[in-house]
Each structure stands twice: as structure tokens, then as C-alpha cells.
Amino acid sequence: MSQFLFKIGNTGDDQTVYLSFFQFSIDIAFAHILWLHNYFNEKREGKMKWFKFSLVILIFLFICGLIAFFCLPLLNDYQTKGELQLKGLNDKVVIQRDENGMAYVHAKNTDDTIMAQGFVTAQDRLFQMQLTRLVIQGRVCELAGPVAKNLDIRMRTIGLYRMAEKQENILNDKTRAFFQKYVAGINAFIDACPEDIQAEFKLAGIKAEKWTIADSLGILYYMGYSTAANLGTEITAQMLLETLGYETASRLMPVNINADDPKDTGDFAMPPRENLSASLPTIRELSAYAQNGTLRVGSNNWAVSPALSATGKAVLCGDPHLDPRILPGVWYPIGLITPDFRAVGVNIAGIPGMSIGRTDHIALSATNNYGDMQDLYIETPDPQNPDNYLEGETSIPFVRINETLRIKDKNEPDGFIEETVTIRSTRRGPIVSGTLEGSTTDKLISMRFAPLESMEPAIGLMDVLTAKNSRELATALKQVSMGCFNWIFADADGNIGFQASGKIPIRSNGDGTFPFPVKDSSDNWTGWIPADEMPSAMNPDKNWLATCNQKTIGHNYPYYYSSYFAPSYRYRRISELMAAPGKKSIDDLWSYQRDVKNLMAQRIAPIMAQSLSKYEDTKVLGKILSDWDFTDDPKKAAPAVFQATYRFFAMMVVEDDLGPEKAMTLLNNWYFWQEKLERMILAGDDPWFDDIRTKDKTETMEDLFHLAAVKAKDYLNPTLGPDPEKWQWGKVHTLELVNPIRRSGAGKALLGSGPMPMGGSGETLYRGWYDYDKPFEVTHCAALRMVTDFSDNDKILAVLPGGVTGRTFHPHQKDQIETFMMGGKKYWWFSDKAIDEHEISKMTLMP
């Protein structure tokens, strides 16, 4: 039987599930090949010519290709024309689709608009939504079997779906109705169009399940958990403390710089020793909980006021950085047109409304602000009662939650085995130590997640659609309490603004960088940073605003906000571009999103080049770097030299002190060390450059750069060849998009994109982030590029890395790839006139 390999998202586990793929067709194909083989054997005695047999094979393959090209898309298509009755509508709804397959919903009231949004989203992305739901609910075992067990235990322990259910129970009537209409539209598609259900469900051997409000809310909390990235910092910081001791660890803590605040040194203030635990050997077992999956958010966004805009109107730009590698991509584009509002933009499939895009009145985009909404606590088990834990001398029973895993098992009569998992929780949150299969510990570590405690009856997303100006929008965004986002926005009146969302706890110990030992019943969370004191700005004198995940709080901010931010390189680069003379055209702003100037390299590469030029075996590498303009151009050799050398250099700096495994844990957390290491290099001399394993020598920075460059040559030569001057960054720095039903093996490139050369890096506006331990395959980049200009009421400049629909073989699953990679332009249509001119199909939904 032919099998297709399938992986669920970027979950951190190497789970796979083998799926039958068009089994009947494949069996027929193999039968024909067998017939041809037998025919050849029979005719060989008659001296049949080889070219005749080859011709028969080629003709057969050509016919199969034609059948696949013309017929397979029909197997996974859906209705986009004609009329369909949909129970639950109040009035007629018209759905137009453009040349990219994007839907524009025209309805006479908001309820019907949101219901139709649910309907068309299900048409295009229902299977993607189902996979997301399985991850959030901890049900991947039902599809992937035992290999996904640890993932499911982890997700059930975190309890995002339990949070969603709790949130659903407290929603006010207005918010509940908003979500319910969206859910009704999804379920109406499942009921009314059973023949249009994506073929991927059959391939995976699962059925389309009805959607619920809690499912949509679960995605919001999944995004919130993905944006609350300080958990990885706590794990890394505690590992350094245990391995190096208090004083030495303090010299390796992060540097976080606010580039707009000349008084901000970026130095980390080490907490008092008495607030820390010097020994917590299980801490690195928790690394899995810091793997935030496909919705881990980076991003750039900026806005320019009419005074800086060449069009005379405000312009808003956004390119959110997510993991776009699973087709068709993360964002789902849609137009929502009703007498109450006109909105064209994107949202995550499964969430109603619009997160990024524009209306008649406002435009907005988001980045991650990395506010610290997570804490780890060191709990003390009661030695007299294993069912309890201690707060001082007070013994308190664990809250116990039993969760049942259904694990796919073909040997069982019903195809599944069931296993019960018991989750223990303290007053702070679930116990996350010792929960995963294979882990053993006598330590108890609980995890606290602020959104569980900061829920409110309203969620501001629905008010984004109806906000009439920037101030109304900022008010709405303050109600997005479960997600730490930097929102940049503009409005039709020419205002531009910035508002940080998320509820961040005020900590009595003043810090959330290390796990906190529980010593008594007191709570170190004493309140919340007031919404009006969260970072924000409106109409600055410089006439532009931008966020690139950098530190936005000043040196005198009165609260602990986070100790985890992106380095300032991208923000400094957009500052340079905005400061250049002249007003900014739409083409300028569009090109900035693909800018590949690397400001980190601009500071470090000359020092590196000087070191390499002194040695015969690295002199050519030094020259390449000396001649470099610091652009991460995919056709240039210098980015490959710099990135490979710097990667080995960073490992050499810390490996002797930490050991290879712990060094890798640190280095995989890029933001923790990048600006710290840059500061060491610019200083020229630092004790960290000495290799403590060589007792008779004191290594210098120059020694390490030379050794790292030699390693870089050895690493790159097999792929790029022996002549470094002919190397090309894009030959190793690649982005590959894959189909969720075929992530590896034969056919992967056919159903996906194949590896595509990509410029940029983790430090450039044109983002091409790769994981330190898996160089140089891009894992995070722009999942959307958008520029919206309030002088143009016909269209929005926007392109996706994949396509609109998640249906395999559909022409709009990956039709935007080439445009995206080449920097080309596509548009979302905004006015009725533009939508009508670009209409490819029209469908009417009737009540």
C-alpha cells in the first residue's frame, strides 16, 4: 500500500502519521506499470528496442500527468457560483471572489456578514482549522498515534482549551453573539455542503467536526501563549545560574536596548540571591513548554503620517513574521462589506473579524511586544502527604484534572486506545515538571499564565471593525488581554498611533526572569499594569512610528515589563530609512519590507574581517567580508561567510563553560545573547573569549574568529564548493513551503515549493530567521506583506507566501509563491467598483 507522510505543524515533536493517498488511483497506476514490465519481458525475446519501451513509459507518464493536471483539482474543489440556501441567515448574502480566490462578503447586516465569513473560511481552510484545534486540545494522538503523546500531554497540561471554555462562560452577550454567528457559518458549511468538505479529511481518515465558540477562543489563547515568550528566557537563565553560579551567570544575562532612549544602557539587573534557587536540575526538561509552535510571532510594522507620505495621506505597513512553511500559510484574507463597516484584511482561520488590514476609517497591523505573561514557580511537595503541596507550613491539596487521550492504534478494534493523564495544579498553575513521558523528578515546577487570570467579558477584536478613528481603535485594542501585541495603526483623518495590548502582572519581586521559589502563601503578582500605562504613542513629531519586536519601554518605566526583546537591529534600520531625505512613496515603503541591510553585520563584520585577513587559510574570507556592503543578498558570498563564521564563533565563546548541550540551549534562544555578544566584540576583550579547557593558553577574540572561519569553510565547502568567492548565500539560506499531506519524501517538492533561495537573515527587515541548531533553513519570515494607503480607496497592496485556500491541487493554494519571493505586487480590492472589475465568480447565499 502506498503511504504519504504527514506532520502536524511545527509542534516540537517529531510525530508522523502515514496516510493512504488516493489509494485506488495509485493501485491502478502500479497495475499499469506491472503490466508494462511484463509486456517488456515478454517482448524482450523478440528483441524489442529499448527506445520503444521507453516511449511507452513516457506516453503513460504524460497521460497520467494530463489526468492529474485536469482532474485532481476537481476532486478538491468547492462551490463558488450559483445559489445556496443557508439556514441561519437573515437576508441575502453575495460572495464575490477575485483572481486570487479571495472572497468578498456583501451582506445587509453585521450578523450575516460574520456568519458568511465563517462559511467561506470553512470552504477554504476547514482542514487547517481542524489541525490547529487538535494541537490546542491535545488531540494529535488521534491522528498521529503514540509519537504525538508528549505533545498532547504538554498541551493538556498547559490547558489552553480549558481557558477557552472558561472565557466562553464569561463572555458578554454582544461578544458571544459575534463569535456564535461565525461558528454558525462554519457549521452551516459542514451541514449544507458535505460534498465540498476538503479531500484532506478523507486522506487523514478523520471527519469534519462541528466548530464551537471555545474552538475559536482556543486559537486566541494559543496565539497569546505563543506571544508570551519569556518562558524560554526563564529556562535559559536558570540553566546558566545552576551551571555557572550567580556572579558568572550575571555576566552573560541579556542586553535589551531601547534605541530611542539614549539613557537606556540595556543592562540586566540581577535579582537578589535570596529570590533565586541555585539548584533546579529539572529545568531543562521544561524546554518543550517554551516551543511556541507555528503562531510564534515576530514581525515589523510601521506607519507614516501625511507629512511624510508622498501621497499626502497616512500609510500603514505590516509584515507579520510567522512560520509560513505549511501551505497555504497562516493568514486568511477576506473582504467584509456591510452598511455598518467595510473591512478588507486577514485573520487567523478560526477567528472572526479582522486582525490586520483596513476599514473605511482605520488600518492596523501587529507585532509581538514580548510582554512577560508567564512565570515558573518552584513548589514544595508535602513530605507527609504526596497529594498536597506546601506554602510555608500550610499543606494544600493539589487540584487534580483527569484528561483522557485517544491514541490511534490500528491493532485495536475501534482503532484507538485510551489513556488517562492526571494533571496536578497549585494555586499558581499546573505542575509542568515530570509530566512528559521519560522524565523523572522530585522537584515540582508550576507554570502561571496571566490570561487565565485576566479574562474579561469583552474581547476588543469585534470593535476593530467599527472603530471610527485611531482613539476608538486604541481603546478596543486595550481589551485584547490575552495577547501581547504592538499594534501600529493609522486613520483616514491622518492620525498614526501605537498601542501595546495584553495584561502584564505587577510583580512584587520586580522581575520574572528566573523561576520564583514559593516560600509562603503570599502572592508575588500584586496587580496588573494599567492599560493606560502600557506602551503607546500618537502622532509623534518625527511623523512615523514602527515596531520590530524591540524594547519600547524607557529606562524610567515604573514596572517590570519583560527581559526578552528582539535586538534593535531591524528597528534601527527602519529608523535609517525613515530619516533619509524626502517623502516616502508607496514603492519606497513596499521596498523597505524587503530591505536586506544587516546592521549587526555592519558593526561586527569589519572586526571579523580584520582577524581573518591575518591568516593564510582565511585570508580570502577576510577579503570577501572587507568588500561587503553588509546586505544579505542571496547571490553574494559574504552573508554566507559572516553567518556561518559568527554561528561557530558564538558556540566557541560559551561551549567551554557550558558544554555542548547547554550551549545549544542558550544559542537557540537568539534574543537572549545577540546584543550581549555584540557588546563583547565591540569591547575587543572579554574573559568569555578564553577557552578554559586550554590551561596553557589564553585565547583572544581574534583566535576564535579564525577558528570559527576554518570551521565555516569546512561546513560550507561540501554544499557551495571549494572557492568561497563563488559562494552564494541563497544556496544555503532557503525557504521551503510544504503541503500538510506531504512534508517529506518523493512528491514533497511537487506538492510544495521546493527549497527557494532567500535573502535577508534574522537581523534584517526582510526577515529570514533560521534556528541556530538547523542552519540555514528559514523557519520564520513574513507571512504577509501589506501596505495600505488612505489616498487609495480602491485597493490594498498585499501578498501572501502561499495562497488563499488550503485545498491540495487547488489553483489558489500556492499561486502567490512566485510573486511573494520575487517582490512582486498583488492587491486586495477595497471599493465596490474594484471588486466588481476583478470578480471571477459570484455566489449567493439565501436564508
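Two strands count as paired if DSSP finds at least two bridges between them. With that in hand, the hairpin at β9 and β10 is a handy place to start in this predicted model. A hairpin joins β9 to β10 through two residues, and the two strands run antiparallel, with eight bridges between them. One of the matched positions is I334, whose bridge partner in β10 is G345.

On its other pairing, β10 meets strand β11 (residues 356-359), again in the antiparallel sense, over four bridges. Here A343 stands opposite T359 of β11. As for exposure, β10 is well covered: eight of its eight residues are buried. That holds on both faces, with F341, A343, G345 and N347 buried on one side, and R342, V344, V346 and I348 buried on the other.

Zooming out, these strands belong to an open sheet of 11 strands, in the order β3-β33-β4-β5-β9-β10-β11-β12-β19-β20-β24, with mixed pairing. The edges are taken by β3 (82-85) and β24 (536-538); each has a single partner strand, so one side of each is left without a neighbour in the sheet. On average, neighbouring strands of this sheet are turned by 15 degrees against each other, direction ignored. Further along the order, strand β12 (residues 362-368) pairs with strand β19 (residues 485-491) in the antiparallel sense over seven bridges. Within that pairing, I362 has D491 of β19 as its bridge partner.

What lies across part of this sheet? Helix α3 (residues 110-137) does. The strands under α3 are β3, β4 (93-97), β5 (103-106), β9 (331-338), β10 (341-348) and β33 (841-846), and the helix runs at about 150 degrees to β9.

The same helix turns up again in the packing of nonpolar side chains. The largest nonpolar core has 147 residues, and those with the most contacts inside it are F119, L160, W828 and L845. The largest share of this core, 13 residues, comes from α3. F119 shows how such contacts are spread along the chain: leaving out residues up to four places away in sequence, F119 touches L84, L86, I95, G185, I186, F189, C193, M843 and L845. A second, separate core of 70 residues includes A237, F649, W670 and Y770.

One of the contacts of F119 is C193, which raises the matter of cysteines. How many disulfides are there? The count comes to zero, taking sulfur atoms within 2.5 Å as the criterion. C193 has a relative accessible area of 5%, under the 20% cut-off, and is therefore buried. C781 also counts as buried, because its relative accessibility is 0%.

Helix-helix packing is illustrated by helix α7 (residues 173-192) and helix α9 (residues 213-227). Their axes are 9 Å apart, and the two pack at an angle of about 105 degrees. Angles of 65 to 115 degrees count as roughly perpendicular, so α7 and α9 fall in that class. At the contact, R176, F179, Q180, Y182 and V183 in α7 meet I213, S216, L217 and L220 in α9.

Later in the chain comes another set of antiparallel pairings, built around strand β31 (residues 795-799). Strand β30 (residues 785-789) pairs with β31 over three bridges in the antiparallel sense, and a hairpin joins β30 to β31 through five residues. In this pairing M786 stands opposite A798 of β31. Three bridges also join β31 to strand β32 (residues 827-829), and this pair runs antiparallel too. There, I796 stands opposite W828 of β32, and W828 is among the residues with the most contacts inside the largest nonpolar core. β31 itself is mostly covered, with four of its five residues buried.

Finally, there is an open sheet of three strands in the order β8-β29-β28, with antiparallel pairing. Which strands stand at its edges? They are β8 (321-322) and β28 (769-770); each has a single partner strand, so one side of each is left without a neighbour in the sheet. Two bridges join β28 to strand β29 (residues 778-782), and this pair runs antiparallel. The bridge partner of W769 in β29 is H780.

Methods. Residues numbered from 1 in each chain as written. Predicted model: local features only at pLDDT ≥ 70, side-chain atom pairs only at ≥ 80, totals over all residues. Heavy atoms only, no water. Axes fitted to C-alpha atoms, helices over the stretch in contact; angles between N-to-C directions. Contact = heavy atoms within 4.5 Å. Buried < 20%, exposed > 50% of the residue type's maximum accessible area, 1.4 Å probe, protein only. Core = buried A, V, L, I, M, F, W, Y, C linked by side-chain atoms within 4.5 Å. Parallel < 35°, antiparallel > 145°, perpendicular 65-115°, else oblique.
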